[in-house]
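Got a two-chain model to pick through? Have a look below, and then we'll go over it in questions and answers.

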Amino acid sequence: MAHTGTHSQPVRSCLLLVVVSVCVQQVHGVWPLPQQLHQSADRGCLSPQRFSFTYGRDSAAQTGCSVLDAAFKRYFSIIFPDFTKGSENRLQYVWSEPQPFVVSVSVKTGGCDGYPDEDSDESYNLSVSEGQAVLRSVTVWGALRGLESFSQLVYQDDYGSYFINKTEIVDFPRFAFRGLLLDTSRHYLPLHAILKTLDAMAYSKFNVFHWHIVDDPSFPYQSRTFPDLSNKGAFHPFTHIYTQSDVMRVIEHARMRGIRVVPEFDSPGHTQSWGKGQPGLLTPCYKGGVPSGSFGPVDPTIDTTYKFMESLLKEVKFVFPDSYVHLGGDEVSFACWQSNPNVRKFMEKMGFGKDFTKLESFYMESIMNMTAALNRTSIVWQDVFDYHERIPQDTVLEIWKGEKYQAELSRMTQAGHRVLLSAPWYINHISYGQDWRNSYAVQPQNFSGTEEQKKLVIGGEVAMWGEYVDATNLTPRLWPRACAAAERLWSNEEKTLNADLAFPRLEEFRCELLRRGIQAEPLFVGHCKHEYDGL
Amino acid sequence: MSRSGSHSHRVRWWCLIVAVVAVWVQQVEGVWPLPQQLHQSADRDCLSPQRFSFTYGRDSAAQTGCSVLDAAFKRYFSIIFPDFTTLSENVLQYMWSEPQPFVVSVSVKTRGCDGYPDEDSDESYTLSVSEGQAVLRSVSVWGALRGLESLSQLVYQDDYGTYFINKTEIVDFPRFAFRGLLLDTSRHYLPLYAILKTLDAMAYSKLNVFHWHIVDDPSFPYQSRTFPDLSNKGAFHPFTHIYTQSDVIRVIEHARMRGIRVVPEFDSPGHTQSWGKGQPGLLTPCYKGSVPSGSFGPVDPTVDTTYKFMASLLKEVKFVFPDSYVHLGGDEVSFACWQSNPNVRKFMEKMGFGKDFTKLESFYMESIMNMTAALNKTSIVWQDVFDYHERIPQDTVLEIWKGAKYQTELSRMTQAGHRVLLSAPWYINHISYGQDWRNSYAVQPQNFSGTDEQKKLVIGGEVAMWGEYVDATNLSPRLWPRACAAAERLWSNEEKTLNADLAFPRLKEFRCELLRRGIQAEPLFVGHCRHEYDGLHMLLHAVKVSRTL
């Protein structure tokens, strides 16, 4: 780069640009909305040639910090999408040189090689002034959130010049758990679709990927302990599976973006595909006095089931670093258990009478205890709580059933459980029009309960179940619809109650997603400067 | 390729082994849309890309040099053998035995390779697949295209990658001559490649009319040679969000090569807000009290300049779009602005229309329809024009778009002797959760009270993908395979296709085939395709497409 000559001219160049583009559309803000954001009309112009990220002198992380080094590289391309290697030389021909701009990043604690977890501090402060931005956070995860906000502050005018306004941001998440569920059993999602989703999650400050990896239709997880589960239970044993290396790539891609990966191995129901590779695991259903040939939920009456589950959960602990594991426990049909004479005998022996919810609870309790013994926190679907009085206190409950989720929030938090809300965010349910407004209107802490109870709501999840979704339509169904919940989970509710006010900001954010290569569908009639071009 | 050695027993042996191995392998479910007559036997032949060829029958009126069919041969070769690359040509040398040749012989009665498909095009064909050959016969090249599409759907691969085709006899023709799909490029701009891709997928479903709702209130992306300011000022962006003349020509040619007509819609007098930006004086100034409010309503039907403008525009449309149909719109005209305007009220009085603004609209539409007739074009208008107007030119085609009572409307319109297009039940921009293709499939376009003569006046229907919530990001997965349901209803025998459950596995297979051809078609339900959508493969495909442009 040419560094010669006097530098008084750059000021003139910036001035000229400012005058030319006075009437040009200004940036609307950041999605999700920061807790505190003050922007002035003063702005500086940025040039990719004179732009750099650097570690603050007092930062605990310095060059060599895997998470932030990679983030600097990533956000450079995001901030300057037009910039290519070829254009580096252009500087020589510019009639005046732009001013340098330095983003200085300082974190208090190192932890560059760790994983984000439930206690990660994601707060950050960002101060943008002439020629520099100062980003301060406690952790590298907070720094990632700050870099994302910073990238959204930069905009281009019609002539391609980059600008950023003077800005002060103080920001932190409202909820620690901001999840998105993908279902890779009802349809297989190729690795690239998952990685792309993680990219977009980071843009919306989601921080948990809930991987509903197996279910009735297929078992794509290639287990090292039980390879037959995917050999026989996947849609195809080679093309429709996640190898150990695939899983590691997902976890590492997520880590780099400050996203936790929480796997779900849902049982005892939703396990039809497990049965193919693990004979004896599922309950044989009976018709009359003989086995009908079909199978029901996991058989909770025999030791081999618990041995199998223990081995599987040990493997899960080994493969997935997050301290949470989702154990499912939803929608268990009792018909098959009821038909099976061995199960009935077991019920009698255990004194369960005819109450199969007791049998389910017995099973889930065993599995949850196993999980606790492995030093993992269990998440289970609300069914487990609905059926069972004595559920381990540190179990996280997830609400998925439609209408009455407020009452459920009250009951669960009254019982002292931490809760995740997903029911109002089942965005696989599509309808005509701007249904993001429904997601946006959700108030997760608007239920009757004490302050202490409210605090037990640790967050929520957008769920994209896979009955009608695969890689062909995943992205446009997710984005920007999921962004509504992302803002509800991150931002101050008081400041984000009005969907009409949020609309232009979301519209702009959706265009930004397109610009970043996310196939995000439109919110309504209109256009983006850079449309999706398929390439 | 090596052609030496004796082939008789080795070749048969090779095929036999493959056939034995693949006995339990999934067979082809059929063809979508279902042919009128289809007889398939379990006997099958294996195909090899190295020994496969298309040829013109000796008695065919079209021979090498026929633009439409030469290009179709090339296209369908890649579709039939998606794994085949130039590299794999050499594989043959290393194979221990050589496969048998397979020749597809195509014969058409009339030439017309350089023409455009039109309302009278004969799309019928017969296809006979036997050992080592297929014979495809049709009246026109357009029929041959339909036959090639069916042939391509008969070929399938087993798990080892070997290609097969079963012995098959097909006699086929469309139930309706007009099988349309509407894209709306005004509410969102659709880049050229998105339109071309849609044309590809239309051909796979045997849809044959692209109804290009090219302009509307939100934007005017059509770059007019006569009135360049319409897009300069009325498009979302005057350079990046327009269709140049060369873009339009490419769309028309891409469509022609696939036997698809392009019917443009220039909707007026309503739905014209974007027109006003580049054509001052065209729209009615609305009044608030006794002064203009600054906003504008529909086209001003009271001034001569309007009709001069429309005559020039329609002349250009006739020049640019070869199809004999033009869609003139005429829907959803709001009368509030006309009512507010003192000049319009004066005109109403002068014309003796009283307070009936439907008469004013009819007056305008009649003028435009007469202009169109004078240009030797057939007008299509939305149902509103018929609903308001008693004396509508007899040869006008009416299109039904309003929801619930379309059967009654079908009766009334055909009773009045008009040809009718049905679109109301196929507004597939309206999405809902689940398998809504079944609703489209259940539609019976001729199930209304009327004579046989009336039934014949239903010339077809259209799938409409309005653009409020649709652009290039979600167009393909919303269209496909959902539009396929209407495609079958419009092509196939209704008696043989009443049961959606029976159609389901065939549609599922067809959807996988669409994926294989690079169409981002969404799933119908839980399950998988052998070759899933792979964004990277699509990227290569898109590069290929953009190169061939």
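Q: Where in chain A is A:Thr472 found?
A: This is a predicted model, so local features need pLDDT of at least 70, side-chain atom pairs count only at pLDDT 80 or more, and totals for chains, interfaces and linings use all residues. Residues are numbered from 1 along each chain as its sequence is written, chains are lettered from A and ligands numbered from 1 in written order, and side-chain values use heavy atoms, with hydrogens and water left out. Helices (H or I, at least four residues) and strands (E, at least two) are DSSP runs numbered from the N terminus. On that basis, A:Thr472 sits in the loop between strand E17 (457-464) and H16 of chain A.

Q: Is A:Thr472 buried or exposed?
A: The cut-offs go like this: buried is under 20% relative accessible area, exposed is over 50%, and partly exposed is in between (1.4 Å probe, protein chains only). With a relative accessible area of 0%, A:Thr472 is buried.

Q: Which backbone oxygen does the side chain of A:Thr472 reach?
A: Contact here means heavy atoms within 4.5 Å, and A:Thr472 touches several chain B residues, including B:Pro477, B:Arg511 and B:Tyr533. A polar contact is stricter: a pair of N or O atoms within 3.5 Å, where within protein one must be able to donate a hydrogen and the other to accept it, and residues adjacent in sequence count only if both atoms are side-chain atoms. One such contact, of 2.6 Å, joins the side chains of A:Thr472 and A:Asp470. The backbone oxygen reached by the A:Thr472 side chain, at 3.4 Å, is that of B:Ala521.

Q: How much area do chain A and chain B bury between them?
A: On the contact count, 41 residues of chain A meet 43 residues of chain B. Buried area is the accessible area (1.4 Å probe) that two parts lose on being put together, summed over both. Carbon and sulfur atoms carry 61% of it, and the total is about 3700 Å².

Q: In chain A, which residues lose the most area to chain B?
A: Together they account for 21% of what that side buries. They are A:Tyr432, A:Tyr468 and A:Thr472.

Q: How many salt bridges are there between chain A and chain B?
A: A salt bridge is a side-chain nitrogen of Lys or Arg within 4 Å of a carboxyl oxygen of Asp or Glu. A:Glu521 forms one with B:Arg478, the closest N and O atoms being 3.1 Å apart. Polar contacts between the chains come to 22 residue pairs (both at pLDDT 80 or more), while the salt bridge count is four.

Q: How many residues apart are A:Asp322 and A:Arg260?
A: Their side chains meet in a salt bridge (2.8 Å, N to O). A:Asp322 is in the loop between helix H8 (303-319) and strand E13 (324-328), whereas A:Arg260 is in strand E10 (residues 260-267) of chain A. Both ends are buried, A:Asp322 at 6% and A:Arg260 at 3%. The pair links distant parts of the chain, 62 residues apart.

Q: Which helix holds both A:Arg411 and A:Glu408?
A: This salt bridge is 3.1 Å, N to O. A:Arg411 is partly exposed at 43%, but A:Glu408 counts as buried at 7%. The two lie three residues apart, about one turn of the helix, in H13 (residues 405-414) of chain A.

Q: Which residue does the UniProt annotation "active site" cover?
A: The label comes from an unreviewed entry, and UniProt positions are given in the numbering used here, with feature names shortened and annotations that may be inferred rather than shown by experiment. The residue's place is in the loop between strand E13 (325-329) and helix H10 (336-340) of chain B. At 46% relative accessibility it counts as partly exposed, and the annotated residue is B:Glu332.

Q: Which side chain does a polar contact of 2.7 Å join to that of B:Trp382?
A: B:Trp382 is found in strand E14 (residues 378-382) of chain B and counts as buried at 0% relative accessibility. Leaving aside neighbours within four places in sequence, its contacts include B:His211, B:Trp401 and B:Tyr427. The polar contact of 2.7 Å goes to the side chain of B:Glu265.
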